[in-house]
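Biologist: I would like to go through this model with you, one question at a time. Please give the reasoning before the value.

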Amino acid sequence: MSQATDRLAAIATRRAAGERCGIASICSAHPLVIEAALRHGKARDADVLIEATCNQVNHEGGYTGMTPGDFRGFVETIAGKIGFSLDRLMLGGDHLGPNPWKHLPAPEAMAKASRMVDAYAEAGFTKIHLDASMGCAGEGAAPPDATIAARAAELAEVAEAAAERMGGTKPVYVIGTEVPVPGGALEAMDHLAVTTPEAPRETVRIHRDAFSQRGLDQAFSRALGVVVQPGVEFGNAEVITYKPERARALAGTLRDLPQFVFEAHSTDYQPASALSALVDDGFAILKVGPWLTFALREALYGLSHIADILAPDPARESLPAAMERVMLAAPGNWKNYYHGSETEQRIERHFSYSDRIRYYWPAPAARQATDALMQALGDRDIPLPLISQYLGRLNGAVANGSVAPKAGELLIASVTEVLDIFASATG
């Protein structure tokens, strides 16, 4: 992973030299998304950056049940299966800070965050987004900027010590947070403010000072990204598209910050032209996650309809029906995000852009239903007219022979189609 990290560390220098460069950050723990991303990277001989969030993966297991070491093993097992070179792989930790434990007093939350960061660095994660922007018990929504920076530096010191202890590649850092908390926005969006030009300058200044106070100047020299809000977001049924003119002043601040590029979160569902414009304007790290599992869910539901035609079985529950049952039985991952009538909530459970259904694919009942669907279709060739009817976006690729008309390949292709958009945008 060291070679890929070295290339990422040079991204601002490469951009300043006139190279058009960027990278998609794959934020997902779904094995088929990971496989699609690694296959995609192998086919293009390109680096692949895969990130886990603090809620998803941590030293206590997170909602995936995986520690950072487990997650690394999980990704590397898939890489080995498909022959993807680990020299092309980077693993990142996103929003690493006290967020999973913010209900606790700050000293307790930060102690747990420190143990988490230690576990990430020990497991060889080399891209670390430090995010201590959330208030802990008794602090309100957010602590002062100086406190945020001091806590970030405290966590960086932990990461540096772990990397030194393990003798591995020293991590690169991303600082700042101008985006919703991990997991997504809670409200509908009627206004989205672009980060002011002054904000990233101040973020860099206070973090540099906080790192320096701990003797971490060398570590700060490896900070390469600042998280900002360029004016992109998505909700349940809407997408706010990047408008370069709104972010012109923000993009211009990179001239004063030659060490950095910007990291843009929530770039899912952006048109290809908008993603390309983001990269052109210095938003070189594009985070994507829900769009990938949304595309996968579309393909799975299409295959469920196809299976009802090719392999009818009254005893086999349709995949949408099975997932509805699973989500209703455990509403914790969607009930605070989906509102309105029962019909509106049902539609959002399955089809929302926020894709809260992604949290349910690992559930035993969901895995059982998915396995039953894939076993019903087996390795048979699916007729092109059915692909046209239920998986229309893949029809052309199947017709021209670039995608095999088999269930497993169609699932990978559904994710690859999104990855191709990001590959084109990032150059």
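Biologist: At roughly what angle do the axes of helix 5 and helix 6 cross?

Modeller: Bear in mind that this is a predicted model. Two packed helices are described by the angle between their axes and the distance between the axes. Helix 5 covers residues 106-122 and helix 6 covers residues 145-166. Their axes come within 8 Å, and the crossing angle is roughly 35 degrees.

Biologist: Which hand does the crossing of helix 5 and helix 6 have?

Modeller: The hand depends on which way the near helix is turned from the far one, clockwise being right-handed. For helix 5 passing helix 6, the crossing is right-handed.

Biologist: How many residues in the contact of helix 5 with helix 6 are nonpolar?

Modeller: Helix 5 contributes residues including Ala106, Met110, Ala113 and Val117. From helix 6 come, among them, Leu155, Val158, Ala159 and Ala162. The charged residues of the contact number 5, the polar 1 and the nonpolar 11.

Biologist: Why is the pair of Tyr269 and Trp291 classed as tilted?

Modeller: The structure holds 17 aromatic pairs, and a pair is stacked under 30 degrees and edge-to-face over 60. The ring centres of Tyr269 and Trp291 are 5.6 Å apart. Their planes make an angle of 35 degrees, so the class is tilted.

Biologist: How many residues apart are Tyr269 and Trp291, and where do they lie?

Modeller: Tyr269 is in the loop between strand 9 (261-264) and helix 10 (272-280). Trp291 belongs to helix 11, residues 290-310. The pair links distant parts of the chain, with a separation of 22 residues.

Biologist: Are Tyr269 and Trp291 buried or exposed?

Modeller: The cut-off for buried is under 20% relative accessible area. Tyr269 has 11% relative accessibility, and Trp291 has 13%. Tyr269 is therefore buried, and Trp291 is likewise buried.

Biologist: Which parts of the chain does the pair of Phe294 and Tyr353 tie together?

Modeller: Phe294 and Tyr353 form a tilted pair, with 5.5 Å between centres and 45 degrees between planes. Phe294 is buried at 9% relative accessibility, whereas Tyr353 is partly exposed at 27%. The two are 59 residues apart in sequence, so the pair ties helix 11 to the loop between helix 13 (342-351) and helix 14 (364-377).

Biologist: Which residues form one aromatic cluster with Tyr269, Trp291, Phe294 and Tyr353?

Modeller: The tilted pairs just described are Tyr269 with Trp291 and Phe294 with Tyr353. These four residues belong to one aromatic cluster, and its other members are Phe234 and Phe422.

Biologist: Over the face of which ring does Arg349 lie?

Modeller: Arg297 lies over the face of Tyr301, at 5.2 Å from the ring centre. Arg349 also lies over an aromatic face, at 4.7 Å from the ring centre, and that ring belongs to Trp334.

Biologist: What is the phi of Asp355, and what is the phi of Ser266?

Modeller: Most residues other than glycine have a negative phi. Asp355, in the loop between helix 13 and helix 14, is buried at 1% relative accessible area. Ser266, in the loop between strand 9 and helix 10, is buried at 16%. Both have a positive phi: about 55 degrees for Asp355 and about 60 degrees for Ser266.

Note on methods
Residues are numbered from 1 along each chain as its sequence is written. This is a predicted model: local features need pLDDT of at least 70, side-chain atom pairs count only at pLDDT 80 or more; totals for chains, interfaces and linings use all residues. Side-chain values use heavy atoms; hydrogens and water are left out. Rings of Phe, Tyr and Trp (its six-membered ring) pair if their centres lie within 6.5 Å; planes under 30 degrees apart count as stacked, over 60 as edge-to-face and the rest as tilted. Helices (H or I, at least four residues) and strands (E, at least two) are DSSP runs, numbered from the N terminus. Buried means under 20% relative accessible area, exposed over 50%, partly exposed in between (1.4 Å probe, protein chains only). A charge sits over a ring if NZ of Lys or CZ of Arg is within 6 Å of the ring centre and within 35 degrees of the ring normal. Axes are lines fitted to C-alpha atoms, for helices over the stretch in contact, and angles run from 0 to 180 degrees between N-to-C directions. Contact means heavy atoms within 4.5 Å. Ala, Val, Leu, Ile, Met, Phe, Trp, Tyr, Cys and Pro count as nonpolar, Asp, Glu, Lys and Arg as charged, and the others, Gly among them, as polar.
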